[in-house]
Amino acid sequence: MLIDGEVNHTNQVEEEAHFDFDLFVIGAGSGGVRAARFSANYGAKVGICELPFHPISSEVIGGVGGTCVIRGCVPKKILVYGANFGGEIEDAKNYGWELNEKVDYNWKKLLQKKTDEIIRLNGIYKRLLSNAGVKLYEGEGKIVGPNEVEVTQLDGTKLSYSAKHILIATGSRAQRLAIPGQELAITSDEALSLEDLPKRAVVFGGGYIAVEFASIWRGMGATVDLFFRKELPLRGFDDEMRDVVARNLEGRGINLHPRTNLTELTKTEKGIKIYTDHKEELLADVVLFATGRAPNTKRLNLEAVGVELDNAGAVKVDEYSRTNIPTIWAVGDVTNRMNLTPVALMEGTCFAKTVFAGQPTKPDYNHIPCAVFSIPPFSVVGLSEEQALEQANGDVLVFTSSFNPMKNTISGRQEKTVMKLVVDAETDKVLGASMCGPDAPEIMQGIAVALKCGATKQQFDSTVGIHPSAAEEFVTMRSVTRRVTASGKPKANT
Amino acid sequence: MAAAAAAAAASSLTTPKLTFPSLQSLYRKLPLSFPLSLSSSSSLPLPKTLTTTTTSLSSRRPLSHHRRRHLTTRAEAENGAEASRHYDFDLFTIGAGSGGVRASRFAANFGASVAVCELPFSTVSSETTGGVGGTCVLRGCVPKKLLVYASKYAHEFDESRGFGWKYDSDPLHDWDTLMANKNAELQRLTGIYKNILNNAGVTLIEGRGKIVDPHTVDVDGKLYSARHILISVGGRPFIPDIPGSEYVIDSDAALDLPSKPKKIAIVGGGYIALEFAGIFNGLKSDVHVFIRQKKVLRGFDEEIRDFVAEQMSLRGIELHTEESPQAIIKSADGSLSLKTNKGTVEGFSHVMFATGRRPNTKNLGLESVGVKMTNNGAIEVDEYSCTSVPSIWAVGDVTDRINLTPVALMEGVALAKTLFQNEPTKPDYRAVPSAVFSQPPIGQVGLTEEQATKEYGDIDVFTANFRPLKATLSGLPDRVFMKLIVCAKTNKVLGLNMCGEDSPEIVQGFAVAIKAGLTKEDFDSTVGIHPTAAEEFVTMRTPTRKIREHPPAEGKTDHDVKAAAGV
């Protein structure tokens with residue numbers, strides 16, 4: 001139950017409680033706010049610090065709400081919504097709507113509204129904290145000792161607090177690639193706050209951030225070139241589905257450059273000139289590096305207290321999110337486990353339960369669904385076919401459905417929606433589900449509940465469809481597309 | 001989706017289990033006409049008598065949900081005489097809609113010789129017109145959804161303005177383009193359905209089927225004998241006989257109007273009425289909905305009923321509640337007035353009645369062969385879809401069970417299994433999800449709060465009513481309502497309801513979970529997909545209310561304020 005307001009429940013630890021706080025959290029993003037609020041609700045006295053607000057982050061800039069709210073999920077989704085209308089306007093014509101060949105777009109208006117919205121959310125988050133009785137400090141947090149933090153405020157004054165537990169939830173930040181002219185490129189932070197909509201955009205990277213921004217700019221009418229090192233974008237996802245995503249991105253007019261590296265950027269009068277390792281040259285108004293993110297561990301003074309980091313600079317934690325220093329914990333992207341907001345929330349909740357509710361709880365990383373908000377979007381839960389083959393004891397049954405969504409029958413859009421179920425042949429359990437097509441992220445959430453609880457293919461089949469929907473395909477995949485043995489070779493292809 | 005269904009249909013023809021020629025030929029020779037006398041088959045699961053085939057059949061993975069039944073020796077003996085008789089077909093299906101096509105195809109795949117008859121194609125149904133594909137494809141789900149897509153753009157244009165898109169002038173809609181493209185698609189689909197039947201080896205006969213005796217069907221004067229007859233003739237809109245009803249259009253006509261209504265009265269509060277209200281409103285007609293009750297969508301969750309009515313009103317649809325139609329009057333200028341118990345509303349270009357549908361059981365010869373019908377004209381069937389005449393079966397809307405395409409499909413498959421795969425199968429009507437493609441749409445599965453309270457007494461209700469991220473930018477008053485109903489004793493999720501964008505798509509996956517009997521903990525243990533609307537269903541932490549039989553219902557409302565990102 002929620003216990004709001006003043007915290008008077010710390011008496012039971014009075015004998016040892018000469019700490020200013022039971023918990024001090026560094027970083028008020030998804031994981032930090034969740035852990036702080038829930039800990040306070042469990043009766044802990046909690047302080048939290050966060051850098052001042054700005055859409056673009058740096059060593060000294062952040063904002064309550066963190067990446068998700070200010071520089072990630074939320075503003076990204078807003079721009080995806082905006083860009084998605086581009087395709088809708090095209091599709092509307094065959095449905096009888098009379099529109100100009102080119103519909104105008106006011107980027108500044110969207111940008112302003114996006115900023116207004118994240119400022120509003122920033123305020124909501126601050127209120128959430130104060131309603132939970134969490135004390136918020138604005139400034140940069142550092143760890144001074146196993147039970148001591150120091151917050152450097154904006155005016156340079158330093159505050160020092162003791163805490164029984166310290167939680168590091170400082171997240172991560174976009175990285176640039178070290179090539180000549182890299183300063184001419186931007187990261188996703190800036191891409192969410194560009195003054196002008198680029199006419200020619202170059203995106204370098206094959207991850208979800210890269211394909212999302214490529215889709216956003218393309219949807220708004222820009223020429224987009226997407227460069228990535230592998231054969232297909234979205235490494236780590238199901239190979240067959242990666243291919244579907246790639247084809248759909250191309251179908252929407254994005255130029256794909258697989259197996260290509262950028263080698264140099266130079267500034268010219270006509271724009272930024274891009275050189276590739278295939279000796280290509282290209283001019284662009286904007287070059288986005290979506291080449292990975294690095295944990296924000298540099299300025300926390302972790303070495304001084306001996307908190308161990310991994311090679312990528314992430315804080316090493318055990319299954320309960322505890323670092324090698326027993327009083328210091330870490331959740332979210334700074335631990336580089338699975339860098340998703342809902343996972344950080346889960347880790348934050350588990351931490352609070354473990355430390356302040358007497359219920360040691362490990363986050364469960366099985367069957368975590370996720371979505372890529374490309375246009376069209378892509379969403380998955382559970383295992384890819386490749387992972388399933390590695391993990392299943394016996395054969396794996398693959399069911400796929402590739403179809404022309406009903407909307408396209410009139411709009412004329414040439415784009416297939418593809419769905420896939422990967423099933424353990426022996427147990428009939430559905431090991432993985434994936435979809436690329438409109439509404440995929442919304443559709444996948446319910447499927448995720450079913451998979452999380454070990455639903456079998458038979459249980460999918462026994463569910464009646466909702467007609468006419470795209471989602472009903474997930475419960476009407478009758479014929480197996482192929483049976484694959486662990487050796488990876490299809491046995492039969494019916 | 002129909003197109004997808006077609007693709008799936010084509011692929012399932014190659015299902016390995018159907019391609020053993022020896023099995024197929026065996027089937028054809030077997031006495032398959034066993035009566036499913038419920039008393040005998042449900043009491044004693046006697047040993048299998050069709051040893052060779054049943055053994056090979058039962059080596060398949062058993063279905064966990066359907067307890068396998070077996071033919072009884074008695075059943076075989078009773079039909080020994082009949083089995084030797086020669087029939088033109090093992091199965092003759094009257095009506096090639098969702099249920100009929102599905103049953104025919106599957107029966108053929110299981111080795112039966114099958115014919116199906118259907119009336120000639122027309123977008124408007126009558127005693128003499130129909131078309132392969134049936135209501136769903138020609139006069140229901142598919143054309144309706146296409147018009148929903150078309151009309152929804154109006155809302156999307158409004159939304160897009162909030163996201164920076166600028167239109168020189170308000171986008172106009174050209175009705176003729178839409179109708180032409182829609183009809184081209186329907187022609188394509190009816191062709192696909194014919195191919196599906198053809199590929200499955202089903203004989204398609206165009207004409208009106210009539211039952212002559214328990215094993216004979218007359219199609220326009222030609223007689224066909226069949227071991228089994230399946231009635232799957234569906235239903236048709238029903239318009240009450242009131243003065244001026246000749247001016248009224250039904251949903252068939254509304255899907256294929258020559259011009260866009262300027263101002264339309266829609267009489268009815270069911271899903272068809274609401275869907276058409278959304279369609280015409282989106283296409284910029286002036287829409288008035290007249291309902292007899294206080295609320296729309298009788299039978300749905302009360303809160304959903306309120307919510308959808310409010311959202312539709314906000315989009316400009318005028319709801320006239322507790323108004324019953326009494327007459328339609330045509331004025332000299334050609335416009336129509338609707339007279340109700342409360343007064344007269346004038347100036348309609350169209351008056352549409354969505355006042356229910358009736359089974360198409362007239363002139364089928366049912367009375368003469370003794371097929372029993374209910375008071376409203378639906379064919380009475382047992383749990384295996386068998387009518388009062390043992391060789392005559394019925395599936396789909398003509399039986400008026402749950403009138404949904406996927407349910408007719410389920411009934412068709414179950415019937416084919418029962419008759420031709422030695423696997424008596426009852427359709428399972430538990431947790432059938434459904435959607436209303438109103439704007440905003442509704443998705444639901446399982447029980448309403450009212451049903452759950454009645455059935456389980458103690459329940460916990462979780463609700464979320466929020467402004468979606470899209471609306472915060474668009475500035476439109478769109479909201480989303482979600483509701484989970486949980487059994488207090490077992491923690492099982494009994495029902496899930498949603499009204500808001502994407503509801504039908506969102507609910508499908510949850511339907512799998514609810515059908516599988518999952519608990520609220522199972523929902524809670526699932527990680528959200530961020531940022532989506534659907535994630536709200538797995539992040540509902542605090543019950544909105546707890547309903548208890550005794551002591552008095554705990555009215556404690558503990559509204560957890562929804563932060564946009566749910567942190």
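Helices (H or I, at least four residues) and strands (E, at least two) are DSSP runs, numbered from the N terminus. The views below show a predicted model.

**Figure 1. A cis proline sits in a loop of chain A.** Pro468(A) is found between helix H13 (457-461) and strand E24 (482-484) of chain A, in the loop that links them. The peptide bond that leads from His467(A) into Pro468(A) is cis. Its omega is near -10 degrees.

**Figure 2. Chain B has a cis peptide bond at Pro440(B).** This bond runs from Gln439(B) to Pro440(B), with omega near 5 degrees. Pro440(B) belongs to the loop between strand E19 (434-436) and E20 of chain B.

**Figure 3. Chain A is viewed as a whole.** Chain A holds 13 helices and 25 strands. Its C-alpha trace spans about 70 × 65 × 45 Å along the principal axes. How does the radius of gyration of chain A agree with that of a compact globule? With 494 residues, such a globule would have a value near 23 Å, and chain A has 24 Å, so the two agree. Of the 494 residues, 61% count as buried. Now take the contacts in chain A with a sequence separation of 6 or more: 62% of them come from residues 24 or more positions apart. Chain A exposes about 19,000 Å², and carbon and sulfur atoms supply 48% of that area.

**Figure 4. Ala163(A) is buried in a strand.** Ala163(A) is found in strand E8 (residues 158-168) of chain A. Its relative accessible area is 1%, under the 20% cut-off, so Ala163(A) counts as buried. Which residues does Ala163(A) touch, not counting residues up to four places away in sequence? They are Phe19(A), Phe21(A), Leu23(A), Phe24(A) and Asn147(A). Gly145(A) can be located from here too. Ala163(A) and Gly145(A) are 18 residues apart in sequence. Their C-alpha atoms are 9.8 Å apart in space.

**Figure 5. Chain B is viewed as a whole.** The secondary structure of chain B comes to 19 helices and 24 strands. Chain B has 567 residues, and 59% of them count as buried. Among its contacts with a separation of 6 or more, residues 24 or more positions apart account for 64%. The exposed area of chain B is about 21,800 Å², with 52% of it from carbon and sulfur atoms.

**Figure 6. Three strands of chain B form an open sheet.** The strand order is E13-E14-E15, and the pairing is antiparallel. Why do E13 and E15 each have one side without a neighbour in the sheet? Strand E13 (325-330) and strand E15 (343-348) of chain B stand at the edges, and each has a single partner strand, so one side of each is left free of a neighbour there. On average, neighbouring strands of this sheet are turned by 20 degrees against each other, direction ignored. In general, strands of a sheet pair through backbone hydrogen bonds. Strand E14 (residues 336-340) is joined to E15(B) by four bridges. Look for Lys339(B): its bridge partner in E15(B) is Thr344(B).

**Figure 7. Thr448(B) lies in a loop and is buried.** The loop runs between strand E20 (442-446) and helix H16 (449-456) of chain B. Thr448(B) has 6% relative accessibility, so this residue counts as buried. Leave out residues up to four places away in sequence, and Thr448(B) touches Gly299(B), Phe300(B), Asp301(B) and Ile485(B).

**Figure 8. Asp400(B) and Asn422(B) have positive phi values.** Phi of Asp400(B) is near 50 degrees, positive in a residue other than glycine. Asp400(B) is found in the loop between strand E18 (392-394) and helix H15 (405-420) of chain B. Phi of Asn422(B) is near 55 degrees, again positive in a residue other than glycine. Asn422(B) is placed in the loop between H15 and E19 of chain B. Are these residues buried or exposed? Asp400(B) is partly exposed, with a relative accessible area of 32%. Asn422(B), at 8% relative accessibility, counts as buried.

**Figure 9. Two cysteines of chain B are in no disulfide.** A disulfide is a covalent bond between the sulfur atoms of two cysteines. A search of the whole structure finds zero disulfides over all chains. Why does Cys386(B) form no such bond? The closest cysteine sulfur, in Cys117(B), is 19 Å from the sulfur of Cys386(B), which is too far for a bond. Cys386(B) counts as buried, at 8% relative accessibility. Cys487(B) is in no disulfide either, and the nearest cysteine sulfur, that of Cys453(A), is 17 Å away. Cys487(B) counts as buried at 4% relative accessibility.

Note on methods
Residues are numbered from 1 along each chain as its sequence is written. Chains are lettered from A and ligands numbered from 1 in the order in which they are written. This is a predicted model: local features need pLDDT of at least 70, side-chain atom pairs count only at pLDDT 80 or more; totals for chains, interfaces and linings use all residues. Side-chain values use heavy atoms; hydrogens and water are left out. Two strands pair if DSSP finds at least two bridges between them. Axes are lines fitted to C-alpha atoms, for helices over the stretch in contact, and angles run from 0 to 180 degrees between N-to-C directions. The radius of gyration is taken over C-alpha atoms; the globule rule is 2.2 Å times the number of residues to the power 0.38. Buried means under 20% relative accessible area, exposed over 50%, partly exposed in between (1.4 Å probe, protein chains only). Contact means heavy atoms within 4.5 Å. Accessible areas come from the Shrake-Rupley method with a 1.4 Å probe; for residues, only the protein chains shown count as cover. A disulfide is a pair of cysteine sulfur atoms within 2.5 Å.
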